Amino acid sequence: MASSKRVRPPQRQEQPGRQTKMRPQPAGSAADYVGSGKLVGRTALITGGDSGIGRAVAAAFAKEGADVAIAFLEEQHDADETVRLVEAEGRTAVAYKGDVADPAFCERIVADTVRRLKHLDILVNNAAEQHVVEKLEDITPEQIQRTFATNVFSMFYLTGRALAHMDRGAAIINTTSVTAYRGSDHLLDYSASKGAIVSFTRSLSKQLAERGIRVNAVAPGPVWTPLIPASFPPEAVAKFGTDVPLGRAAEPDEIAPCYVFLASDDAIFMTGQVLHPNGGEMVGG
């Protein structure tokens with residue numbers, strides 16, 4: 001896609017945001033993606049798979065031959081569309097509604113994914129939430145706990161359960177953020193949680209190396225997803241992403257190939273690494 005400045009209509013949603021209400025709709029159906037069989041015979045569980053990056057990844061995985069289970073919080077219409085996209089490729093799709101901050105939910109969806117899809121080869125820890133607060137002293141303990149429960153604790157719960165079913169050659173992919181590297185003055189707890197995910201990825205990759213299970217991450221820059229109108233005031237949404245070198249926010253479809261690469265044997269010699277599809281921001285690590 002061209003790297004021209006792109007301004008969207010001002011808009012606002014309540015948390016957690018719904019893709020069906022966004023104007024314009026994100027490009028997240030992998031419509032132009034051409035699969036080549038990289039994930040044939042594999043199954044994936046993707047959290048936050050109803051919309052945004054999660055939906056685009058689910059659609060791309062299906063085009064590469066994978067069956068897909070998704071977890072989502074409450075956005076049923078969005079989840080139904082992801083299921084439709086996966087099934088349109090002739091693959092099996094399963095959707096689970098619930099909160100990944102709940103260890104019991106995580107245990108249940110891993111067990112049910114394995115029961116229904118027979119095995120688990122790819123885990124994408126993608127679910128996240130963020131809340132804009134301008135001053136540290138205005139961040140409540142409840143918000144900190146909620147942000148970390150969704151963004152970080154869920155990765156411990158899900159991955160811990162999934163590992164019992166993952167064999168050599170399996171892949172774990174975590175979604176972190178450019179904010180883990182450059183910070184964000186109005187997303188302090190979110191940025192801190194994304195930094196924790198980088199450390200989680202690097203540490204777990206060392207622990208699982210002998211088992212032949214790869215652990216990597218993707219750190220997107222600005223991406224046009226439901227989190228944006230659900231987080232920022234309308235005037236900020238209209239200009240979202242125009243400050244990066246490429247001059248615009250990414251579409252989810254432009255981020256999904258990073259996940260396909262890390263899930264496939266193309267990345268067989270990569271573990272503990274982070275990919276940076278961020279529109280040209282220069283960050284370390």
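Me: What area does the chain expose, and what share of it do carbon and sulfur atoms supply?
Reply: The chain exposes about 12100 Å², and carbon and sulfur atoms supply 53% of that area. Accessible areas come from the Shrake-Rupley method with a 1.4 Å probe. This is a predicted model, in which local features need pLDDT of at least 70, side-chain atom pairs count only at pLDDT 80 or more, and totals for chains, interfaces and linings use all residues. Residues are numbered from 1 along each chain as its sequence is written, and side-chain values use heavy atoms, with hydrogens and water left out.

Me: How do you know whether the radius of gyration agrees with a compact globule?
Reply: The globule rule is 2.2 Å times the number of residues to the power 0.38, with the radius taken over C-alpha atoms. For 285 residues a compact globule would have a value near 19 Å; the chain has 17 Å, which agrees.

Me: What percentage of the residues count as buried?
Reply: Buried means under 20% relative accessible area (1.4 Å probe, protein chains only), and 55% of the 285 residues count as buried.

Me: What makes β5 and β6 a pair?
Reply: Two strands pair if DSSP finds at least two bridges between them. Strands (E, at least two residues) are DSSP runs, numbered from the N terminus. Since 5 bridges join β5 (residues 171-175) to β6 (residues 214-218), the two parallel strands are a pair. One of the bridges links Asn 174 with Ala 217 in β6.

Me: Why is one side of β3 and of β7 left without a neighbour in the sheet?
Reply: The open sheet of 7 strands has the order β3-β2-β1-β4-β5-β6-β7, with parallel pairing. β3 (93-97) and β7 (274-275) stand at its edges, each with a single partner strand, so one side of each has no neighbour in the sheet.

Technical notes
Buried < 20%, exposed > 50% of the residue type's maximum accessible area, 1.4 Å probe, protein only. Helix = DSSP H or I, 4+ residues; strand = E, 2+ residues; numbered from the N terminus.
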